[in-house]
2 protein chains.
Amino acid sequence: MEPLLVFPDPPPPVLSQGLDLGGYPWTGVGSEADVDRLEPTDGWPGAVIVAVTDPEGALALCRAIRKGDIPLEPVLLIVSSEQLPGLDLREDLFDDFCVLPLQAGELDARLKHLFHKTGRGTRPELVEYGELALNLETYQAAISGKPLDLTYMEYELLKFLASHPGKVFTRETLLSRVWGYEYYGGARTVDVHVRRLRAKLGEEHAGLIQTVRSVGYRFGQSRWMA
Amino acid sequence: MEPLLVFPDPPPPVLSQGLDLGGYPWTGVGSEADVDRLEPTDGWPGAVIVAVTDPEGALALCRAIRKGDIPLEPVLLIVSSEQLPGLDLREDLFDDFCVLPLQAGELDARLKHLFHKTGRGTRPELVEYGELALNLETYQAAISGKPLDLTYMEYELLKFLASHPGKVFTRETLLSRVWGYEYYGGARTVDVHVRRLRAKLGEEHAGLIQTVRSVGYRFGQSRWMA
DNA sequence: CCTGTGTGTGAACGCTTTGTGAACGGGAAG
DNA sequence: CTTCCCGTTCACAAAGCGTTCACACACAGG
């Protein structure tokens with residue numbers, strides 16, 4: 001088995017001990033540069049990222065992993081109890097998390113569970129909404145069974161919107177969460193991408209992306225009418 | 001939000017306390033028969049199953065849920081530390097798990113994470129008054145279950161009024177708190193927006209916004225009347 | 001009943017926001 | 001280096017909607 005990516009380098013003793021006890025090989029990385037430099041030939045099978053000592057660096061690494069072309073599926077985040085409330089808006093950045101102090105066997109159990117879910121036996125990760133389906137592994141999109149030829153940014157924007165059906169996002173929010181946190185550019189960029197998305201979705205499904213005047217855009221109908 | 005399915009009935013105090021603290025409604029079930037009998041009209045939004053006191057029953061319930069036609073997506077299992085090794089071969093039966101003793105906030109964080117992954121997102125922020133409901137995330141409004149097509153300013157005005165039921169606001173106060181503190185314009189603007197709101201609310205609910213002569217407007221019933 | 005103040009109503013104006021077409025420029029592939 | 005692709009930006013057109021005005025009506029006091 002290829003070694004797991006572990007951040008930071010060196011990781012806290014509890015983590016290295018837990019990984020060693022479970023028989024997981026691992027490689028510590030201290031920076032984003034290391035991720036590429038130390039990457040195994042078959043790619044990283046997963047990552048365990050500790051956000052306690054260096055939260056900023058940890059989240060930055062998560063973002064880099066998720067935005068990069070590395071299909072690094074299972075990301076396990078290690079946080080302290082005080083950091084739990086701050087996870088709300090960063091759900092996209094990890095697949096599972098552990099709270100310190102670690103329980104005996106919990107790390108092993110969570111890694112097993114993660115590998116089981118992302119293993120070959122299970123279905124590929126999909127984002128679906130009605131007729132629309134996005135395959136997160138192959139970067140393919142399809143609607144009504146017909147494949148859509150989307151560019152990278154179009155795909156990322158649609159993925160984000162379709163992951164939060166019904167919710168309205170301002171252009172600024174979309175720029176920061178789809179384009180990147182440090183992005184600074186014209187808000188009209190979003191408009192143009194939305195236009196192209198609507199065009200590629202076809203007249204029939206163009207209404208999936210609705211504009212909320214003076215606010216931003218919304219994908220699909222909200223399902224709160226209960 | 002529909003109540004979560006919780007097993008067993010009654011659940012351990014730590015669980016009920018944690019759910020109540022997080023604001024999650026829940027229904028305790030003691031048997032598989034209860035699952036059907038107590039199911040909400042819209043189905044169960046998720047399940048929290050404690051496997052400590054009755055492991056057999058808990059796993060049987062998981063199997064029943066997963067085999068049944070109920071698309072009960074997020075299943076959170078609560079186990080004791082000793083039960084961790086036994087989870088290996090039952091990965092399909094749950095989506096996530098917690099190890100006792102529960103950390104403060106961990107239950108809430110895991111439920112949020114699960115709901116996020118399964119697309120339902122966290123409980124939407126609502127402003128409600130009687131038949132009226134405003135969804136702050138989707139910028140949608142509905143009354144008696146029927147959606148209202150409000151413009152931005154209409155929505156903002158209604159949101160402000162409905163957030164302070166029974167209280168009377170002068171036009172100047174509304175202008176400064178809804179339109180903005182530096183706003184300078186005619187006070188009659190408020191009248192026109194109130195008129196349009198009343199029209200869109202329909203004849204039946206137009207009385208929700210009452211005019212207090214020589215003062216301003218009030219939403220809902222005065223607090224004096226019992 | 002008469003009068004004045006305050007509010008409801010309809011329509012028109014004009015600004016702001018968004019849709020649209022096209023061009024620019026950087027980066028990757030050949 | 002050349003070429004193509006695609007993300008970004010700009011300028012213009014179109015639509016939406018907030019604001020204002022003029023007038024009609026309701027209510028209270030004398």
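Chain A of this predicted model has a secondary structure of 7 helices and 12 strands. Its C-alpha trace spans about 55 × 40 × 35 Å along the principal axes. For 226 residues, a compact globule would have a radius of gyration near 17 Å, and the 19 Å of chain A agrees with that.

**A sheet in chain A**

A good place to start looking is an open sheet of 4 strands in chain A, which follow one another in the order 6-7-8-9 with antiparallel pairing. Strand 6 (126-129) and strand 9 (146-148) of chain A are the edge strands, each pairing on one side only. On average, neighbouring strands of this sheet are turned by 25° against each other, direction ignored.

Inside this sheet, 4 bridges link strand 7 (residues 132-135) of chain A with strand 8 (residues 140-143) of chain A, in the antiparallel sense. To see one such bridge, find A:Asn135, whose partner in strand 8 of chain A is A:Gln140.

**A sheet in chain B**

Now turn to chain B, where an open sheet of 5 strands has the order 2-1-3-4-5 and its pairing is parallel. Its edges are strand 2 (26-28) and strand 5 (96-99) of chain B, each with pairing on one side only. Neighbouring strands here are turned against each other by 20° on average, direction ignored.

Strand 4 (residues 75-79) of chain B runs parallel to strand 5 of chain B, and 4 bridges join the two. In this pair, B:Val79 stands opposite B:Val99 of strand 5 of chain B. Helix 4 of chain B packs on the sheet and touches strand 4 and strand 5 of chain B. The direction of helix 4 of chain B makes about 175° with that of strand 5 of chain B.

**Where the two chains meet**

Helix 4 of chain B also appears where the chains touch. The contact between the chains takes 29 residues from chain A and 28 residues from chain B. On the side of chain B that touches chain A, the elements giving two or more residues are helix 4 (106-117) and strand 8 (140-143) of chain B. Helix 4 of chain B gives the most, with 5 residues. By class, this side of chain B has 11 nonpolar, 11 polar and 6 charged residues.

**Helix 5 and helix 7 in each chain**

How do helix 5 and helix 7 of chain A cross? Their axes come within 10 Å and cross at roughly 90°, which makes helix 5 of chain A roughly perpendicular to helix 7 of chain A. In this contact, helix 5 of chain A uses A:Met153, A:Glu154, A:Leu157 and A:Leu158, while helix 7 of chain A brings A:His193, A:Arg196 and A:Leu197. These residues divide into 4 nonpolar, 1 polar and 2 charged.

In chain B, the axes of helix 5 and helix 7 come within 10 Å and cross at roughly 85°. Helix 5 of chain B and helix 7 of chain B are therefore roughly perpendicular to each other. B:Met153, B:Glu154, B:Leu157 and B:Leu158 of helix 5 of chain B make the contact with B:His193, B:Arg196 and B:Leu197 of helix 7 of chain B. By class, there are 4 nonpolar, 1 polar and 2 charged residues in this contact.

**Around the DNA strands**

Which residues are closest to DNA strand C? Among the 14 residues that surround DNA strand C, the closest are A:Asp191, A:Thr211, B:Asp191, B:Arg195 and B:Thr211. Helix 7 (188-205) of chain A and helix 7 (188-201) of chain B each supply at least two residues of the surface near this strand.

DNA strand D has 21 residues around it, of which A:Thr151, A:Gly185, B:Met153, B:Gly185 and B:Gly186 come nearest. The surface near DNA strand D draws at least two residues from each of helix 5 (152-163) and helix 7 of chain A, and helix 5 (152-163) and helix 7 of chain B. The helices with the perpendicular crossings described above thus reappear in this list.

The classes of residues near each DNA strand are set out here.

| Surface | Nonpolar | Polar | Charged |
|---|---|---|---|
| Near DNA strand C | 4 nonpolar residues | 4 polar residues | 6 charged residues |
| Near DNA strand D | 8 nonpolar residues | 8 polar residues | 5 charged residues |

Terms used:
Residues are numbered from 1 along each chain as its sequence is written. Chains are lettered from A and ligands numbered from 1 in the order in which they are written. This is a predicted model: local features need pLDDT of at least 70, side-chain atom pairs count only at pLDDT 80 or more; totals for chains, interfaces and linings use all residues. Two residues are in contact if their C-beta atoms, placed from the backbone, lie within 7 Å. Ala, Val, Leu, Ile, Met, Phe, Trp, Tyr, Cys and Pro count as nonpolar, Asp, Glu, Lys and Arg as charged, and the others, Gly among them, as polar. Two strands pair if DSSP finds at least two bridges between them. Axes are lines fitted to C-alpha atoms, for helices over the stretch in contact, and angles run from 0 to 180 degrees between N-to-C directions. A residue is near a molecule or strand if its C-beta atom, placed from the backbone, lies within 6 Å of it. Angles under 35 degrees count as roughly parallel, over 145 as roughly antiparallel, 65 to 115 as roughly perpendicular and the rest as oblique. The radius of gyration is taken over C-alpha atoms; the globule rule is 2.2 Å times the number of residues to the power 0.38.
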